[in-house]
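User: Hi! I'd like to go through this model with you and hear the reasoning behind a few of its descriptions.
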Amino acid sequence: MKPTTITKCLAGALALGAAFASASTLASPEEDREAFVKYYAAKLPNVKFEDYVYGALALDAGSKAQYDAIMEFPPFDSQVEAGRKMWETPLKSGKKYADCLPNGGKNIAGNYPMFDEAKGKVVTLHDAINDCRIANGEEAYKLNDMKNLGTLTAYMRTLSDGMRMNIKVDGPKALEAFNDGKKTFFSRKGQLNFACASCHVQNGGNYLRSELISPALGHAVHWPVFRGGDTLVTLQQRYTGCFSQVRAVPPPQGSTTMNNLEYFHSYISNGLPLKASVFRK
Ligand code: HEC
């Protein structure tokens, strides 16, 4: 079979998913990331690389101005502040989160998700926080526990604001996980038969009904978001919403499928600056 690359796939020269017909034809993660950057540079020439962090707002000056005004005095400040208190409260062992996460928990969010060789799987920042809890005598939080895990990470991730996304794919097992996430991203699903890529690659920058669709590049750097100004939504919850939009059954949050999707999806934003806890409509 002729080697196919993601570039061709992104350019729409091939049906989505054709690039995955044979494992031997897969491009490297870095080639994939570069293909995304190039694709958007050609498709959306007026959007600067750094502005992809704003999602659909980068394509609509009016909404971006509104966003800037909201971000001056964010209505969710008190929730982030509650997260700071949780962060600073000692765990049952007497230690704090800062004692059991790398680098005191600062400037690390951009390293996650990461492939953990010992566990043989992708771990998210939420997993790292839960591991820290368990090691210090507490129970793990449920991934959909927004009151606790959500609030805590809304603050914790701000400690990495400005860090550049820095996901690594080293070794064959990590590459397998990356390629699995890539496959999910490009696979059509649901009654509507859409892939993530159908909307966020081919239609990134276009209107779908009344909604301006964000490019996948930059998608992973600003989580959690506060939708409508007060409803905290994590990245995997957003995936769940998007799966449901095409009437597909979403994989459970924290499943291998979701974590591998987050791994691939985060890698393509490598080099972009993080900014946690932002407004989205
Ligand atoms: C039918 C089209 C459609 C499909 C398919 C789809 N999405 Fe979305 N997605 C949207 C719309 C509409 C929004 C809200 C507007 C925006 O920010 O793009 C959105 C928002 C998002 C956001 C939030 C962007 C931000 O900056 O707040 C992420 C992340 C996302 N989608 C990821 C995915 C992933 C991963 C998949 C595949 C599992 C997927 N989407 C499938 C339409 C889609």
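User: What makes α3 count as hardly covered?

Analyst: Happy to explain! This is a predicted model, and in it the count of buried residues among the twelve residues of α3 is zero. A residue is called buried if 20 or more other C-beta atoms lie within 10 Å of its own, so no residue of α3 meets that cut-off.

User: How do you know that the span of α3 agrees with the expected one?

Analyst: The expected span is 1.5 Å times one less than the number of residues. For the twelve residues of α3 (residues 61-72) that gives 16 Å, and the end C-alpha atoms are 17 Å apart, which agrees.

User: Why is α11 called mostly covered?

Analyst: Here ten of the twelve residues are buried, so those ten each reach the cut-off of 20 C-beta atoms within 10 Å. Among them are Met258, Leu261, Phe264 and Tyr267. The cover over the buried residues of α11 includes α2 (29-43), β2 (121-123), α8 (172-186) and α10.

User: What makes α10 stand out in the shell around the ligand?

Analyst: With five residues, α10 gives the most to that shell. Of the 21 residues around the ligand, Gly55, Cys196, Cys199, Ser214 and Cys242 come nearest. By class, the shell has eleven nonpolar, seven polar and three charged residues.

User: How do you know which parts have low confidence?

Analyst: By pLDDT, the predictor's confidence from 0 to 100. The chain mean is 91, and 91% of residues reach 70 or more. Over residues 1-9, though, pLDDT stays under 50, and over residues 11-24 the pLDDT is below 50.

Methods: Residues numbered from 1 in each chain as written. Predicted model: local features only at pLDDT ≥ 70, side-chain atom pairs only at ≥ 80, totals over all residues. Near = placed C-beta within 6 Å. Helix = DSSP H or I, 4+ residues; strand = E, 2+ residues; numbered from the N terminus. Nonpolar A, V, L, I, M, F, W, Y, C, P; charged D, E, K, R; others polar. Contact = placed C-beta atoms within 7 Å.
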